[in-house]
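This briefing is intended for a reader who has the sequence and the model at hand. It takes up the backbone, the sheet, the aromatic rings and the internal space in turn.

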Amino acid sequence: MSQIAQLVQRAQETGDWSECVDAIPYAKLLGIKLGEEAGVFCLPPKASNIGNPTLPALHGGALGGFMEMSAILHLMMSMEVLKVPKVVDFSIDYLRPGHFKDTYARCEIVRFGRKLVNVGIDCWQDDTENLVARARAQFLID
């Protein structure tokens, strides 16, 4: 069994996913943290995630990566799979600049098929009604 599979299995048993999040290099690079409620993730302000230092605003790639990684983590937490789901399609709508402050993402499984799962991701900063971005993702699961 792979290291990530062991971490996922342990997290499923204990309910503590922080060790699993820290074991994923891209999640660690971005600085993703678990939110206080299920299905919510946090991207704390980090200088390396800035795209426009004048505003300062988050880089669109960092924001998109955060949302995609949040959806992957949400699927791993919600389903009894030991492998990382593979991205088939990812589409993002940037609605306003993401400023240099805590950014949150909420994931929702929209459709669960035999092999494909569709996930909706909403991203905000201060107000859940005032979205920074919205994304749709499709993942292949084994």
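Where is the place of proline 56? In this predicted model, proline 56 sits in the loop between strand E3 (50–52) and strand E4 (57–58). The main sheet is an open one of six strands, in the order E1-E2-E6-E7-E8-E5, with antiparallel pairing.

**Peptide bond at proline 56**

- The bond that joins leucine 55 and proline 56 is a cis peptide bond, with an omega of about -20 degrees.
- As general background, most peptide bonds are trans.

**Sheet order and edges**

- The order of the six strands is E1-E2-E6-E7-E8-E5, and the sheet is open.
- Strand E1 (33–34) and strand E5 (86–94) stand at the edges; each has a single partner strand, so one side of each is left without a neighbour in the sheet.
- Helix H4 (residues 60–78) packs on this sheet, where it touches E1, E2, E5, strand E6 (103–112), strand E7 (116–124) and strand E8 (131–140).
- The direction of helix H4 makes about 50 degrees with that of E6.

**Strand pairing, from E1 to E8**

- In general, the strands of a sheet pair through backbone hydrogen bonds, in either a parallel or an antiparallel manner.
- Two bridges link E1 with strand E2 (residues 40–43) in the antiparallel sense; leucine 34 has phenylalanine 41 of E2 as its bridge partner.
- E2 and E6 run antiparallel and are joined by four bridges, and cysteine 42 has tyrosine 104 of E6 as its bridge partner.
- Between E6 and E7 there are eight bridges, again in the antiparallel sense.
- Across E6 and E7, arginine 111 stands opposite asparagine 118, while phenylalanine 112 has valine 117 of E7 as its bridge partner.
- The connection from E6 to E7 is a hairpin through three residues.
- E7 and E8 run antiparallel and are joined by nine bridges, with cysteine 123 opposite alanine 133 in E8.
- The connection from E7 to E8 is a hairpin through six residues.

**Aromatic rings**

- How many aromatic pairs does the structure hold? There is one aromatic pair.
- Its members are tyrosine 104 and tryptophan 124, which are stacked at 5.8 Å centre to centre with 25 degrees between the planes.
- Why does this pair tie together parts that are 20 residues apart in sequence? Tyrosine 104 belongs to strand E6 and tryptophan 124 to strand E7, so the ring pair ties together parts separated by 20 residues in sequence.
- Tyrosine 104 is also the bridge partner of cysteine 42.

**Internal space**

- In general, rolling a probe the size of a water molecule over the atoms shows where empty space is left.
- A search of the whole structure finds one cavity of 30 Å³ or more, and the largest cavity has a volume of about 30 Å³.
- Which residues line the largest cavity? The lining consists of Val81, Lys83, Val84, Pro85, Leu140, Ile141 and Asp142.
- By class, the lining of the largest cavity has five nonpolar residues, two charged residues and no polar ones.

Terms used: Residues are numbered from 1 along each chain as its sequence is written. This is a predicted model: local features need pLDDT of at least 70, side-chain atom pairs count only at pLDDT 80 or more; totals for chains, interfaces and linings use all residues. Side-chain values use heavy atoms; hydrogens and water are left out. On a 1 Å grid over the protein atoms alone, a cavity is a set of points where a 1.4 Å probe fits but cannot get out, and a pocket is an open set with protein on both sides within 12 Å along at least five of seven lines; lining residues have an atom within 4 Å of a point. Grid points are joined across faces, edges and corners, and a volume is the space filled by probe spheres set on the points. Ala, Val, Leu, Ile, Met, Phe, Trp, Tyr, Cys and Pro count as nonpolar, Asp, Glu, Lys and Arg as charged, and the others, Gly among them, as polar. Two strands pair if DSSP finds at least two bridges between them. Contact means heavy atoms within 4.5 Å. Axes are lines fitted to C-alpha atoms, for helices over the stretch in contact, and angles run from 0 to 180 degrees between N-to-C directions. Rings of Phe, Tyr and Trp (its six-membered ring) pair if their centres lie within 6.5 Å; planes under 30 degrees apart count as stacked, over 60 as edge-to-face and the rest as tilted.
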